[in-house]
Amino acid sequence: MIKPEIVSQLQKITGKEGVLTVKEDLNAYSYDGTTTWAHMPDVVVLPTTTEQISQVLKLANENKVPVTTRGAGTNVSGGSIPIKGGIVLCTTRMCKILDINKTNLTATVEPGVVLQDFNIALAKEGLFYPPDPQSFLGCTLGGTVAENAGGPYCVKYGVTKQYLLGLEVVLANGYVMHVGGVTVKNRTGYELVMLFTGSEGTLGVITKITVRL
């Protein structure tokens, strides 16, 4: 059970509208696409900026409160189920397409952008993003990175990891980290983008994603 003073601090970070504590609201964040396995969180936090996520994680880390990262919850791996209670950190309000670069064939988005909405925006520019999990109508880009999602197109085009160029990630202590870049050829140092891809939120919270198209 999270102490009331921690809930108050969370409300100061995101605003009261960004913190859910009512049982009926919490229930919607207790399961994923399997619907057969559920565990209630103590509180749900809906940040809108990287800075808010950084502050939430720092607060949780200092008070030893478990955090489970969640996108739309369409996954069927159990990765977004808060099995230890604590905080569900849901990124669906971070839903901006920040840049579509037709010259370099890249795009940068926030993690809460829905995959279908992303491809609709790309289609208007004559572009296409291949990874297509069956949940494409509702899944978020952050979730597809966390799960390294594929889909029928992956047979020809490959899965999510083949299209990632750079990530902004917030670590458990609140530190904001940038890995990769915006260039197609970026082979200096360790391949940290691949480290976070498929990690299901266990290594950090993805807050920005740059992909090739």
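Domain bounds here come from an automatic or database domain assignment. With those bounds, the centres of domain 1 and domain 2, taken over C-alpha atoms, are separated by 22 Å. The model is predicted.

**Stop 1: the two domains**

Colour residues 4-90 as domain 1 and residues 97-212 as domain 2. Then show the contact between the two. Domain 1 gives 14 residues to this contact, and domain 2 gives 17 residues.

**Stop 2: the sheet of four strands**

Stay with the first part of the chain. Select strands S1 to S4. These 4 strands form an open sheet in the order S1-S2-S4-S3, and the pairing is mixed. Now find the edges. Strand S1 (19-20) and strand S3 (67-70) are the edge strands, each pairing on one side only.

Zoom in on S3 and strand S4 (residues 87-90). The two run parallel and are joined by 4 bridges. Which residue of S4 is the bridge partner of Val 67? Select Ile 87: this is the partner of Val 67.

**Stop 3: helix H3**

Next, select residues 50-62. This is helix H3, lying across strand S2 (43-45), S3 and S4. Its direction is at about 165° to S4.

Check the length of H3. The helix has 13 residues, which should span 18 Å at 1.5 Å a residue. The C-alpha atoms at the ends of H3 are 18 Å apart, so the model agrees with the expected span.

Now show the side chains of H3. Which residues of H3 are buried? Thr 50, Gln 52, Ile 53, Ser 54, Val 56, Leu 57, Leu 59 and Ala 60 are. Step just past the end of the helix to Lys 64. This residue takes a positive phi of about 55°.

**Stop 4: Asp 25 and Val 44**

Go back along the chain to helix H2 (residues 23-27), where Asp 25 is found. Is Asp 25 buried or partly exposed? Asp 25 has a relative accessible area of 35%, so this residue counts as partly exposed. Add Val 44 to the selection. Asp 25 and Val 44 are 19 residues apart along the chain, and 8.4 Å separates their C-alpha atoms.

**Stop 5: the sheet of five strands**

Move on to strands S5 to S9. These 5 strands form an open sheet with antiparallel pairing, in the order S5-S6-S9-S7-S8. At the edges are strand S5 (97-101) and strand S8 (176-180), each pairing on one side only. Direction ignored, neighbouring strands of this sheet are turned by 10° against each other on average.

Add helix H4 (residues 115-123). H4 packs on the sheet and touches S5, S6 and S9. The direction of H4 makes about 35° with that of S5.

**Stop 6: strand S9 and its partners**

Select strand S9 (residues 205-212). The strand is mostly covered, with 6 of its 8 residues buried.

Look at one partner, strand S6 (residues 106-109). S6 runs antiparallel to S9, and 4 bridges join the two. Here Ala 107 stands opposite Val 211.

Now turn to strand S7 (residues 164-170). S7 is also antiparallel to S9, with 6 bridges between them. Keep Val 211 selected. In this pairing, Val 211 is the bridge partner of Leu 164.

Continue from S7 to S8. These strands are antiparallel and are joined by 5 bridges. Pick Glu 168: its bridge partner in S8 is His 178.

**Stop 7: Gly 143 and Thr 74**

Select helix H5 (residues 141-147), where Gly 143 is found. Gly 143 has 27% relative accessibility, so this residue counts as partly exposed. Next, pick Thr 74. From Gly 143 to Thr 74 is 69 residues in sequence and 8.4 Å in space, C-alpha to C-alpha.

**Stop 8: the cysteines**

Finish with the cysteine sulfurs. How many disulfides does a search of the whole structure find? The search finds 0.

Take Cys 139. Why does Cys 139 form no bond with Cys 90? The sulfur of Cys 90 is the closest cysteine sulfur to that of Cys 139, but 13 Å away, too far for a bond. A disulfide needs two cysteine sulfur atoms within 2.5 Å. Cys 139 counts as buried, at 5% relative accessibility.

Last, select Cys 154. The closest cysteine sulfur to that of Cys 154 is in Cys 139, at 14 Å, which is again too far for a bond. Cys 154 is partly exposed, with a relative accessible area of 29%.

Methods
Residues are numbered from 1 along each chain as its sequence is written. This is a predicted model: local features need pLDDT of at least 70, side-chain atom pairs count only at pLDDT 80 or more; totals for chains, interfaces and linings use all residues. Side-chain values use heavy atoms; hydrogens and water are left out. Two strands pair if DSSP finds at least two bridges between them. Contact means heavy atoms within 4.5 Å. Axes are lines fitted to C-alpha atoms, for helices over the stretch in contact, and angles run from 0 to 180 degrees between N-to-C directions. Buried means under 20% relative accessible area, exposed over 50%, partly exposed in between (1.4 Å probe, protein chains only). The expected span of a helix is 1.5 Å times one less than its number of residues.
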